[in-house]
Amino acid sequence: MSTPSTFTAFRIHNDDRGYRSGLETLALDDLNPGEVVVKVAYSSVNFKDALAGTGKGKILRRFPLVGGIDLAGHVVASGDPTFREGDPLLVTGSGLSETRDGGYAEYARLSAQWVIPLPDGLSLRESMILGTAGFTAALALYRMRENRQTPEHGPLAVTGATGGVGSLAVDIFSKAGFEVHAISGKADQAPYLKSIGASEVLGREALATDRPMESARFGGGLDNVGGAMLTSLLAQTAPYGNVASAGLAASPQLDMTVMPFIIRGVSLLGVASAGTARDIRESVWERLAGDWKPRHLDAICTREIGLDGLPAVFETMLDGGSFGRTLVKIG
Ligand SMILES: NC(=O)c1ccc[n+]([C@@H]2O[C@H](COP(=O)([O-])OP(=O)(O)OC[C@H]3O[C@@H](n4cnc5c(N)ncnc54)[C@H](OP(=O)(O)O)[C@@H]3O)[C@@H](O)[C@H]2O)c1
């Protein structure tokens, strides 16, 4: 494989002409240095990509950068002997579209330390339907399992269930043997949520409580929403259950009492996908390619776009209109 003299990338600027993003023609030397040159096949759209691409959240720490926190593709050239031309690989998070050029480009130049060889059992396409969203959902389960979560604690709640992380959590948790209760603001999507593994679908208001503790309805869960939803979920979690906090789609605030912690021994686990240690990243991807591989990836992949389709998807996502995952096909 050879590299072309120029290629297309979706790049983000913030300078005296303001915050802006769009398609540009770049050369390889316009990208950050890195040992591994990759021909990108797929990327995906995560909430963080929408914040970065529109400037509605402070994601990039330097400018300009190519957007896209995920990518999967084949090695074109490598200065690190671990990787050879033609090897399939993936990267999620790891500073992409934050401190380094990301995956919304036909070519990427990467630091070998962040690259994960594509595990057997996943295609490049499947790895990007999963992307950061699937990795985050699986990392939440990994942390809950490490802290002794079992199906016997009771059903796992998933908030923001129709979103990317939410949909994949519903599928992964049910595949791993847990009963899943999906919490969603989109009542019309109940059949979709049931088709991907939820045994019950509840409206956002179904959890609402002002009391520090309620009767225990859930064994634990994954929260993508933050604020009152997370507080309510913790108040309704069974003794020694775990709640993983991954998102802030509604609010970054957490206003609660310590009662669930000191009376029920409930644990609140943080999930930060971007900076996960390499050994854990490898273990989580092995599970995603194996016994936790979602059964409904085709149903969860609700949109497939090219780089030119990114701005419209960002707007829908920031308006709370997400539904499943958006795959970005490149090259
Ligand atoms: N910690 C990490 O490493 C990590 C990694 C990936 C993502 N995240 C975070 O996780 C969250 C979900 O990410 P995503 O990529 O799955 O986004 P997404 O596809 O846009 O999904 C977000 C979902 O949250 C729900 N929601 C949106 N606005 C809401 C509101 N105002 N109140 C209550 N629910 C609301 C909606 O689901 P329903 O309509 O079904 O309720 C929506 O589909 C984001 O906050 C993102 O920043 C964190």
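A residue is called buried here when its relative accessible area is under 20%, exposed when that area is over 50%, and partly exposed in between, with a 1.4 Å probe and protein chains only. Strands (E, at least two residues) and helices (H or I, at least four) are DSSP runs, numbered from the N terminus. With these terms in hand, strand β12 (residues 218-223) makes a good starting point: six of its six residues are buried. The structure is a predicted model, in which local features need pLDDT of at least 70 and side-chain atom pairs count only at pLDDT 80 or more, while totals for chains, interfaces and linings use all residues. Residues are numbered from 1 along each chain as its sequence is written, and side-chain values use heavy atoms, with hydrogens and water left out.

Strand β12 has partners in β9 and β13, where two strands are taken to pair if DSSP finds at least two bridges between them. On the β9 side, the strands run parallel and are joined by three bridges; Val-158 has Leu-222 of β12 as its bridge partner. Five bridges link β12 to strand β13 (residues 237-245), again in the parallel sense, and here Gly-221 lies opposite Val-243.

Overall, the protein contains nine helices and 16 strands. Its radius of gyration (taken over C-alpha atoms) is 20 Å, close to the 20 Å from the globule rule (2.2 Å times the number of residues to the power 0.38) for 331 residues, so the protein is as compact as a globular protein of that length. The C-alpha trace spans about 65 × 45 × 35 Å along its principal axes. Of the 331 residues, 55% are buried. A contact means heavy atoms within 4.5 Å, and among contacts with a separation of 6 or more, 73% are between residues 24 or more positions apart.

Two domains are distinguished, with bounds that come from an automatic or database domain assignment: domain 1 (7-118 + 298-329) and domain 2 (132-270). Their centres, taken over C-alpha atoms, are 29 Å apart. The contact between them takes 13 residues from domain 1 and 13 residues from domain 2.

The interior can be described through nonpolar cores, each being a set of buried Ala, Val, Leu, Ile, Met, Phe, Trp, Tyr and Cys residues joined through side-chain atoms within 4.5 Å. In soluble globular proteins, nonpolar side chains tend to be buried together. The largest nonpolar core has 49 residues, of which Val-170, Ile-172, Phe-173, Leu-222 and Trp-285 touch the most other members. Elements that each supply at least two residues of this core include β3 (36-45), α2 (124-146), β9 (156-158), α3 (164-175) and α7 (278-289). Helix α2 gives the most, with 13 residues. At least three residues of this core come from each of domain 1 and domain 2. Leaving aside residues up to four places away in sequence, Phe-173 touches Ala-137, Leu-141, Met-144, Leu-156, Val-158, Phe-178, Val-180 and Leu-222. A second, separate core holds 41 residues, among them Ile-12, Leu-65, Val-75 and Phe-314.

Ile-12 also leads to a sheet of three strands, which is open, antiparallel and ordered β2-β1-β4. Its edge strands, β2 (18-26) and β4 (65-66), each pair on one side only. Strand β1 (residues 7-15) pairs with β2 over nine bridges in the antiparallel sense, and a hairpin of two residues joins β1 to β2. Within this pairing, Arg-11 has Gly-22 as its bridge partner, while Ile-12 has Ser-21. Helix α1 (residues 47-54) packs on the sheet, touching β1 and β2, and its direction makes about 100° with that of β2; axes are lines fitted to C-alpha atoms, for helices over the stretch in contact, and angles run from 0 to 180 degrees between N-to-C directions. The antiparallel pairing of β1 with β4 has two bridges, with Arg-11 opposite Val-66 of β4.

Finally, Leu-118 is found in the loop between β8 (116-117) and α2. Leu-118 counts as buried because its relative accessibility is 16%. Not counting residues up to four places away in sequence, Leu-118 touches Pro-88, Leu-89, Leu-90, Ser-123, Leu-124 and Ser-127. Val-91 is 27 residues from Leu-118 in sequence, and the C-alpha to C-alpha distance between the two is 9.3 Å.
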